[in-house]
Each structure stands twice: as structure tokens, then as C-alpha cells.
Amino acid sequence: MWLIAIAIILFVSVAPVMVGARVVGAKRNGFWICLGALLIASLISWFAVRLFHGLGILGIFASALGYMLVLDTTYLRGLGIAVIQMVLTEVLWPRWL
């Protein structure tokens, strides 16, 4: 049962990144690459928000850098992936979790 729960959480977390990578035409858009990009972008975003004391919008611009580096795309396309990922995550994740 735990494996099923972990698989669902991974799919719901990584699917927006994969969709965003395909929409903007990133060169690398497989599941494991997108999972790695999501983890790295999340770490970069977390660090940027902590460094600049809660400026949440800065996290989107910082995470775009992570997507750019891992998914082998431009910064603007990485920013597009970050925005698509943020919007789809808000839609897919229920607010009560």
C-alpha cells in the first residue's frame, strides 16, 4: 500500500514538470530527468526563499534556473516550465493536504 501511495505522489508531483518540459520543447523530458529537475529546482527555490527572507515569488525565478540546467533548455523556457509546474500542481493537489 505504501508503494502505491508513493507512486501516486511521485506521479502527481512529476507530471506537471513533464508536461511543462514537453510544452516548451526541452531537450530532456523523461520521467527520471524531470524528477531530478524537480528535486534540484525545489532545493534552489527553498534556498532562495530562505536567503531572501520569504520572497516567495523569487522562488519561481530561482527554480527556473534549476529546470534550465537539468532539462537542457533556455532560462525563459525554464521559467515557462516553472510557471506550468506551479499552476498544474495547484490544480492537481487538493488544498486539504
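Here is a walk through the helices of this predicted model, from how they cross to the residues packed between them.

Let's start with a pair of helices. Two packed helices are described by the angle between their axes and the distance between the axes. For helix 1 (residues 2-24) and helix 2 (residues 31-51), the axes come within 9 Å and cross at roughly 100°. An angle from 65 to 115 degrees counts as roughly perpendicular, and helix 1 and helix 2 are therefore roughly perpendicular to each other. On the helix 1 side, the contact is made by Leu10, Ser13, Val14, Val17, Met18 and Ala21, and these meet Phe31, Cys34, Leu35 and Leu38 of helix 2. Sorted by class, that contact has nine nonpolar residues, one polar residue and no charged ones. If you would like one residue to follow here, try Val14: leaving aside residues up to four places away in sequence, Val14 touches Phe31, Cys34, Leu35 and Leu38.

Now turn to the pairing of helix 1 with helix 4 (residues 75-92). The axes of helix 1 and helix 4 come within 8 Å and cross at roughly 140°, so these two helices are oblique to each other. Their crossing is right-handed. Among the residues making this contact are Pro16, Val17 and Ala21 of helix 1, along with Ile81, Ile84 and Gln85 of helix 4. By class, the contact of helix 1 with helix 4 has eleven nonpolar, four polar and one charged residues.

Two residues of helix 4 are worth a visit. Gln85 sits in helix 4 and counts as buried because its relative accessibility is 16%, with under 20% as the cut-off. Beyond residues up to four places away in sequence, Gln85 touches Pro16, Val17, Leu38 and Tyr67. Ala82 also lies in helix 4 and, at 3% relative accessibility, counts as buried. With the same sequence neighbours left out, Ala82 touches Ile60, Ser63, Ala64 and Tyr67. Ser42 is 40 residues from Ala82 along the chain, and the C-alpha atoms of the two are separated by 10 Å.

Finally, what does the largest nonpolar core contain? This core has 19 residues, of which Val14, Val17, Ala21, Cys34, Tyr67, Leu71 and Ile81 touch the most other members. Helix 1, helix 2, helix 3 (56-71) and helix 4 each supply at least two residues of the core. As a general backdrop, nonpolar side chains tend to be buried together in soluble globular proteins.

Conventions:
Residues numbered from 1 in each chain as written. Predicted model: local features only at pLDDT ≥ 70, side-chain atom pairs only at ≥ 80, totals over all residues. Heavy atoms only, no water. Helix = DSSP H or I, 4+ residues; strand = E, 2+ residues; numbered from the N terminus. Buried < 20%, exposed > 50% of the residue type's maximum accessible area, 1.4 Å probe, protein only. Contact = heavy atoms within 4.5 Å. Axes fitted to C-alpha atoms, helices over the stretch in contact; angles between N-to-C directions. Parallel < 35°, antiparallel > 145°, perpendicular 65-115°, else oblique. Nonpolar A, V, L, I, M, F, W, Y, C, P; charged D, E, K, R; others polar. Core = buried A, V, L, I, M, F, W, Y, C linked by side-chain atoms within 4.5 Å. Left-handed = near helix turned anticlockwise from the far one by under 90°.
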